[in-house]
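Student: I would like to go through the terms used for this model and see what each one rests on.

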Amino acid sequence: MLADAIIRPARSEDSEAIAALMREGVSEQVRQITILGSQYLARFIADELARNQNDDYVVCTVREQITGMCAWRQTDTVLHLNHLYLAPNVRGQGLGTALMLDGLSRIRRASQHTLSTDVFFDTPRARAWYRSLSMQSEKHVHWIQVPLPLSTSDGECRCTIAGLEEAAAHHVRYGFSHIALSTHVGNYQVGRLGSGLFRVAMVSILQDPAALQGLARFDAERQLICIGSAGDCAALSPDTNSLVAESERLVSSCSTVLKHLESSLAGRHIHQAIPVRL
């Protein structure tokens, strides 16, 4: 399998195949609480590739068919594996190892010493594989779903929502968007997923009645997904929320993971179509 595989940067025309791999690689529950559930995911990926701004998308092909993909996000010191998915019929044959090795050897910058990734608990095989590369849990995350309070039309609105025009256009095109909500207590980046959910990566919003009332006034039909540490979520009353998913942030040094990957692929060969950087 590896002898027939080619790893190359993704192109816009790959977006449908990439989106299909991403959707197939997660559970229905995860699709519901992430952008992977959007029917317009391929359109978003194609636009991301055309802009060439955020993630570095890479695909693996076998006999010209896309059988794997990954996406890398970079900061000054951390290389983050944002996605890695393989077609079911090629799993366990070294393609995921080859994709990670490509990212660490070709995409990683000299200043990036840490590798990180996020993995859901309902993918035990993936969690075990990352841990076999000496990646350790940095944070245990709970995803909880909370109903919004009943919207009240009386009284002054004590929050502001910005970015509505851009978010509206984004939502029509992709099926998801972001708005910025502010109260006297805090500022929140609020995601909108489809027609049913808001999503916020701050459990503290649950202690801000003005923010919750603002979201209810904006769209009373939605519920709220909050993402926070297991410790922070444990302090919440279980009567008012439901745990819908668990994930963890795994980290390791790039050099340690690189050694494991090189050892795993020792003696094998895979083709890399490396782009010329202008």
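The turns below take up a strand, its partners, and the cysteines.

Tutor: This is a predicted model, in which local features need pLDDT of at least 70, side-chain atom pairs count only at pLDDT 80 or more, and totals for chains, interfaces and linings use all residues. Residues are numbered from 1 along each chain as its sequence is written, and side-chain values use heavy atoms, with hydrogens and water left out.

Student: Why is strand S11 called largely enclosed by the rest of the structure?

Tutor: Buried means under 20% relative accessible area, exposed over 50%, and partly exposed in between, with a 1.4 Å probe and protein chains only. In S11 (residues 223-229), 5 of the 7 residues are buried, so the strand is largely enclosed. Strands (E, at least two residues) are DSSP runs, as are helices (H or I, at least four), numbered from the N terminus.

Student: What makes S6 and S11 a pair?

Tutor: Two strands pair if DSSP finds at least two bridges between them. S6 (residues 136-147) and S11 run antiparallel and are joined by 7 bridges, so they meet the definition. Val 146 stands opposite Leu 224 in S11. S10 (residues 197-200) pairs with S11 in the parallel sense over 4 bridges.

Student: How do you know that Cys 254 is in no disulfide?

Tutor: A disulfide is a pair of cysteine sulfur atoms within 2.5 Å. The nearest cysteine sulfur to that of Cys 254 belongs to Cys 70 and is 14 Å away, so the definition is not met. The structure holds 0 disulfides.

Student: Why is Cys 254 called buried or exposed?

Tutor: Cys 254 is called buried because its relative accessible area is 1%.
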